[in-house]
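Here are my notes on this model, point by point. Please keep the structure open alongside them.

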Amino acid sequence: MTTRASLAGDHTIAFDCPKCRLRTKVGLDKIGHTYHCQVKCSCGNIFSAEIELRERPRKQLDLPGSYEIVDRATPAPTAPEAGSCRVIDLSRTGLAFLKSTGRELKAGERVRVSLTLDDGEATRISQDCEVRHVKGNFVGCRLLTENAALEYYLLS
Ligand SMILES: [Zn+2]
């Protein structure tokens, strides 16, 4: 039997034991990218749970942020290696931003993107990314690390 999980506060997911109805909370950082997991309730019951996160949650948004280049394709920069941007797309595996200042980025470069989420707590995110696609001021990136705060934001 598979039980559904639901979002609880505090960056956790809640699992209700099908046997005793007791609620077990697991931190999103421990769940990572899995969609199914085994939960051991304190009653001793072990059950499998499906994490209902909607298929690859993705948010389109428009949040002001900034970026700095942490690993560049060409040495000896002549232009500023940081700039401001607007983050317009977020998923568990990538983000995209529109650059408003700074030189053109190149695929393969690594950038650290900083932004403040509009989640009511104004959570600050600093995320290392690899540039994958560049088209004018549009920069599409792959996330290089998992980010629990970001994942929680995508779910809420
Ligand atoms: Zn139980």
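1. Start with Arg92, which sits in the loop between E7 and E8. This is a predicted model. Is Arg92 buried, partly exposed or exposed? Arg92 counts as partly exposed, because 18 C-beta neighbours fall inside 10 Å and the buried class begins at 20. Arg92 also has a partner from another part of the sequence: Leu143 is 51 residues away along the chain. Their C-alpha atoms are 7.9 Å apart.

2. The strands on either side of that loop form a hairpin, with 2 residues joining E7 to E8. E7 covers residues 82–91 and E8 covers residues 94–99. The two run antiparallel and share 5 bridges. One pairing to check on screen is Cys85 with Lys99 of E8.

3. Now the overall layout. The chain contains 2 helices and 11 strands. In sequence order the pattern reads β-β-β-α-β-β-β-β-β-β-β-β-α. The chain has 156 residues, and 18% of them count as buried. What share of the contacts between residues at least 6 apart joins residues at least 24 apart? The figure is 48%.

4. Confidence varies along the chain. Mean pLDDT is 83, and 83% of residues reach 70 or more. Strand E1 (residues 2–8) has the lowest confidence, with a mean of 69. The highest is in E9, at 94.

5. Next, the core. The largest nonpolar core holds 24 residues. Which of its members have the most contacts inside it? They are Val87, Leu95, Phe97, Val111, Val113 and Cys141. At least two residues of this core come from each of E2, strand E6 (58–71), E7, E8, E9, E10, strand E11 (138–143) and helix H2 (148–155). Domain 1 (2–50) and domain 2 (58–155) each contribute at least three residues to this core.

6. Val113 deserves a close look. This residue lies in strand E9. Val113 is buried because 20 other C-beta atoms lie within 10 Å, and 20 is where the buried class starts. Beyond four places in sequence, Val113 touches Gly65, Tyr67, Val87, Leu95, Phe97, Gln127 and Cys129. Ser66 is 47 residues away along the chain, yet its C-alpha lies 5.8 Å from that of Val113.

7. Leu95 is another of the core residues with the most contacts. Which residues does Leu95 contact, leaving aside neighbours within four places in sequence? They are Val87, Asp89, Leu90, Val113, Cys129, Cys141 and Leu143. Leu143 has come up already, as the residue 7.9 Å from Arg92, C-alpha to C-alpha.

8. Strand E4 is hardly covered. Residues 36–40 make up this strand, and 0 of the 5 are buried. E4 pairs antiparallel with strand E5 (residues 46–50) through 5 bridges. Within this pair, Cys37 is bridged to Ala49 of E5. The hairpin has 5 residues between the strands, and Gly44 takes a positive phi there, near 105 degrees.

9. Two other residues with positive phi should be inspected. Most residues other than glycine have a negative phi. Arg21 has a phi near 70 degrees, a positive value in a residue other than glycine. The loop between strand E2 (12–16) and strand E3 (23–27) holds Arg21. Arg21 counts as exposed because 9 C-beta neighbours lie inside 10 Å, and the exposed class takes 12 or fewer. Ala122 is not a glycine either, and its phi is positive at about 50 degrees. Ala122 counts as exposed, with 8 C-beta neighbours inside 10 Å.

10. Last, the loop between strand E9 (110–116) and strand E10 (124–135), where Ala122 is found. Thr123 is in this loop too, between E9 and E10. Buried, partly exposed or exposed: which describes Thr123? Thr123 is partly exposed, because 15 other C-beta atoms lie within 10 Å. Its contacts, apart from neighbours within four places in sequence, are Leu117 and Ala149. Thr123 and Ala149 are 26 residues apart along the chain, with 7.8 Å between their C-alpha atoms.

Conventions
Residues numbered from 1 in each chain as written. Predicted model: local features only at pLDDT ≥ 70, side-chain atom pairs only at ≥ 80, totals over all residues. Pairing = 2+ DSSP bridges. Helix = DSSP H or I, 4+ residues; strand = E, 2+ residues; numbered from the N terminus. Contact = placed C-beta atoms within 7 Å. pLDDT = per-residue confidence, 0-100. Core = buried A, V, L, I, M, F, W, Y, C linked by C-beta atoms within 7 Å. Domains from an automatic or database assignment.
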